[in-house]
Amino acid sequence: MNPLSLKMVAVVGEQLAIAWEDGVEVYLDFEKLRRACPCAKCQGEPDVIGLVLVPRVNYSAKSFELIRYEEVGGYALRLFWADGHSTGIYSFPLLRSL
Ligand SMILES: [Zn+2]
């Protein structure tokens, strides 16, 4: 299978609209996106014996406000949230799976 590629990304209200090159279009709620943030702060990192402790993240209204996004290396989107969080790199397969 070819790697996923983006045709278009746009913010529509409280959602991120993504059109994929293969014709599929999806609308992702900001809140859902933020809760799926793949960064280590949000999802935890395996410790030395491989246990992952999922950190408790304190969300506020600003956590679900998307300020901007940028494409990273043609394989992911980086999302910038109003509460200052911007370490999440959302790979295309992850976005596609949401
Ligand atoms: Zn995060």
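**Entry 1: one strand, two faces**

I began with β5, where side chains alternate: Leu77, Leu79 and Trp81 point to one face and are buried, while Ala76, Arg78 and Phe80 point to the other and are not. My note on "buried": a residue is buried if 20 or more other C-beta atoms lie within 10 Å of its own, exposed if 12 or fewer, and partly exposed in between, with C-beta atoms placed from the backbone. My note on "strand": strands are DSSP runs of E with at least two residues, helices are runs of H or I with at least four, and both are numbered from the N terminus.

**Entry 2: what kind of model this is**

I reminded myself that this is a predicted model, in which local features need pLDDT of at least 70 and side-chain atom pairs count only at pLDDT 80 or more, while totals for chains, interfaces and linings use all residues. Residues are numbered from 1 along each chain as its sequence is written.

I then looked up pLDDT, the predictor's confidence in each residue, from 0 to 100. The chain has a mean pLDDT of 93, and 97% of its residues reach 70 or more. Confidence in the chain is lowest in α2, at a mean of 92, and highest in β5, at 98. I keep one caution in the margin: where pLDDT is low, the predicted coordinates should not be read in detail.

**Entry 3: the overall plan**

I found 3 helices and 6 strands in the chain. Read along the sequence, they follow the pattern β-β-β-α-α-β-β-β-α. The C-alpha trace spans about 40 × 35 × 20 Å along its principal axes. Of the 98 residues of the chain, 11% count as buried.

I also looked up contacts, meaning pairs of residues whose C-beta atoms, placed from the backbone, lie within 7 Å. Among contacts in the chain between residues at least 6 apart in sequence, 29% join residues at least 24 apart.

**Entry 4: the sheet of β1, β2 and β3**

In what order do the strands of this open sheet come? I read the order as β1-β2-β3, with antiparallel pairing. Two strands pair if DSSP finds at least two bridges between them. The edge strands are β1 (6–12) and β3 (25–29), each pairing on one side only. From one strand to the next, the twist averages 20 degrees; such angles run from 0 to 180 degrees between the N-to-C directions of axes, which are lines fitted to C-alpha atoms.

Strand β2 (residues 15–20) is joined to β3 by 5 bridges, and the two run antiparallel. I picked out Ala17, which stands opposite Tyr27 in β3. Gly23 sits in the loop between β2 and β3. Is Gly23 buried or exposed? Gly23 counts as exposed because it has 7 C-beta neighbours inside 10 Å. Gly23 and Pro38 are 15 residues apart along the chain, and I noted 25 Å between their C-alpha atoms.

**Entry 5: the sheet of β4, β5 and β6**

Here 3 strands form an open sheet in the order β4-β5-β6, again with antiparallel pairing. The edge strands are β4 and β6 (89–91), and each pairs on one side only. The twist in this sheet averages 30 degrees from one strand to the next.

I counted 6 bridges joining β4 to strand β5 (residues 76–81). Val72 stands opposite Ala76 in β5, and the bridge partner of Glu70 in β5 is Arg78. The hairpin of β4 and β5 has 3 residues between the strands, and in it Gly73 takes a positive phi near 55 degrees. Why does β4 lie largely in the open? It does so because, of its 7 residues, the number buried is 0.

On the other side of my notes, β5 and β6 pair in the antiparallel sense over 3 bridges. Leu77 has Tyr90 as its bridge partner in β6.

**Entry 6: the core**

Which residues make up the largest nonpolar core? I listed 8 residues: Leu16, Ile18, Leu33, Leu77, Leu79, Trp81, Tyr90 and Leu95. β2 and β5 each supply at least two residues of this core, and the largest share, 3 residues, comes from β5. A nonpolar core here is a set of buried Ala, Val, Leu, Ile, Met, Phe, Trp, Tyr and Cys residues joined through C-beta atoms within 7 Å.

I followed Leu95 as well: leaving aside its neighbours within four places in sequence, Leu95 is in contact with Ile18, Leu77 and Tyr90.

Terms used: Contact = placed C-beta atoms within 7 Å.
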